[in-house]
Amino acid sequence: MPTSPSSSAQAAREVVAQRLRNLRKSAGLTVSELAGRCGWHHAKTSRIENARTAPNATDIRLWCRATGAEDQIEDLIAQALHAESMYTEWRTQVRAGLKALQGSDPRLFEDTRVFRIYSSTLVPGFLQTEGYAAGVLGISAAFQELPVDDSAEAARARVDRSAIIHRSGHTFVLVIEEAVLRHQVCDAEAMAAQLGYLLTAGALPQVSLGVIPMDVAERVQWPRETFHVYDDRLISVELVSARVRITQPSEITLYFKAFEQLRGMAVYGAAARALVLRAIEALH
């Protein structure tokens, strides 16, 4: 697992590394001695202790046995898995196909009361039509060079998952850049259908859809990376190579601040609809 651009993910890895280092020192072992007991090169021990290499379950078992700390094996494995899940490369997530990815984390979706989403690039998944989603996922399948392109099936699964916006108990606060309305990631007909759906979905009482105009007078935030906020406990950030999950309170606070500033620059209601209608007209 490469070093995460998120300090949350790296901090979680460093906690595991520190615990393993402490076990070695408590056992009175040098780096080389522990490596000898585990059957690997001493450089691997250093990489693990400095959080440059993430230990797998086998590494942790060997380490704990070498230091006489068998009682900590399961706890350390669980902690290491949590740290690794905070930074997950897309190539790992799409191994089972794009359709399977649409059904991941169902509990997170059901348990979240307030979804806050900012997107500078695409219509948020909750508001995507099947044609638009197929275009987006088709681009992803080609970019990831998937052996089987299941983007059409994945698009249907995404739309099915998005039915949650019609269920009670959930609120959706969505902010997009006006450029999102102009990025034609599918054919003109599908794009027109997508923009038309925004007019309908944006009027739902449980949905707040704000659009930041390209000519907004004073920007207090420049366009940021797409991110999702699940209540006040988790931020999910989408990068080219991976998805980063942030749980560190100080970082969550920063994302909340950024979201509120972005939301404050957006227009709503009739002004937002006017921007969508203008984008529809530009398709003809």
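Helix α2 crosses helix α4 in a right-handed sense, where a crossing is right-handed if the near helix is turned clockwise from the far one by less than a right angle, and left-handed if anticlockwise. Helices here are DSSP runs of H or I with at least four residues, and strands are runs of E with at least two, both numbered from the N terminus. The model is a predicted one, so local features need pLDDT of at least 70 and side-chain atom pairs count only at pLDDT 80 or more, while totals for chains, interfaces and linings use all residues. Residues are numbered from 1 along each chain as its sequence is written, and side-chain values use heavy atoms, with hydrogens and water left out.

Back to that pair of helices. Residues 31-38 make up α2 and residues 57-66 make up α4; the two pack at an angle of about 115°, with axes 9 Å apart. Axes are lines fitted to C-alpha atoms, for helices over the stretch in contact, and angles run from 0 to 180 degrees between N-to-C directions. The angle makes α2 roughly perpendicular to α4, going by a scheme in which angles under 35 degrees are roughly parallel, over 145 roughly antiparallel, 65 to 115 roughly perpendicular and the rest oblique. On the α2 side the contact (heavy atoms within 4.5 Å) is made by Leu-34, Arg-37 and Cys-38, and on the α4 side by Leu-62, Trp-63 and Ala-66. By class, that contact has five nonpolar residues, no polar ones and one charged. The classes put Ala, Val, Leu, Ile, Met, Phe, Trp, Tyr, Cys and Pro under nonpolar, Asp, Glu, Lys and Arg under charged, and the others, Gly among them, under polar.

Helix α2 also packs on helix α3 (residues 42-49), with axes that come within 8 Å and cross at roughly 110°. That makes α2 roughly perpendicular to α3. Here Val-31, Ser-32, Leu-34 and Ala-35 of α2 meet His-42, Thr-45, Ser-46 and Glu-49 of α3. This contact splits into three nonpolar, four polar and one charged residues. Leu-34 thus turns up on the α2 side of the contact with α4 and again in the contact with α3.

Further along the chain, helix α9 (residues 130-144) packs against helix α10 (residues 151-161) at about 130°, their axes 8 Å apart. That makes α9 oblique to α10. The crossing of α9 and α10 is right-handed. From α9, the residues involved are Glu-130, Ala-133, Ala-134, Val-136, Leu-137 and Gly-138, and they meet Ser-151, Ala-154, Ala-155, Arg-156, Arg-158 and Val-159 of α10. Sorted by class, the contact of α9 with α10 has seven nonpolar, two polar and three charged residues.

As for the chain overall, it has 13 helices and seven strands. Of its 284 residues, 47% count as buried, where buried means under 20% relative accessible area, exposed over 50% and partly exposed in between (1.4 Å probe, protein chains only). Among contacts between residues at least 6 apart in sequence, 74% join residues at least 24 apart.

Now for the cysteines. A disulfide is a covalent bond between the sulfur atoms of two cysteines. With a disulfide taken as a pair of cysteine sulfur atoms within 2.5 Å, the structure holds zero of them. Cys-38 is in no disulfide, and the nearest cysteine sulfur, that of Cys-64, lies 9.3 Å away. Cys-38 counts as buried because its relative accessibility is 8%, and Cys-186 counts as buried at 12%.

Most residues other than glycine have a negative phi. Ala-51, not a glycine, has a positive phi of about 60°. Ala-51 sits in the loop between α3 and α4 and is buried, with a relative accessible area of 4%. Asp-231, also not a glycine, has a positive phi of about 50°. Asp-231 is in the loop between β5 (227-230) and β6 (234-238), and at 16% relative accessibility it counts as buried.

Finally, helix α13 (residues 269-282) contains Ala-270, which is exposed at a relative accessible area of 53%. Ala-270 and Leu-199 are 71 residues apart in sequence, yet 9.9 Å apart in space, C-alpha to C-alpha. Ala-274 is in α13 too and counts as partly exposed at 36% relative accessibility. The C-alpha atoms of Ala-274 and Leu-199 are separated by 9.6 Å, with the two positions 75 residues apart along the chain.
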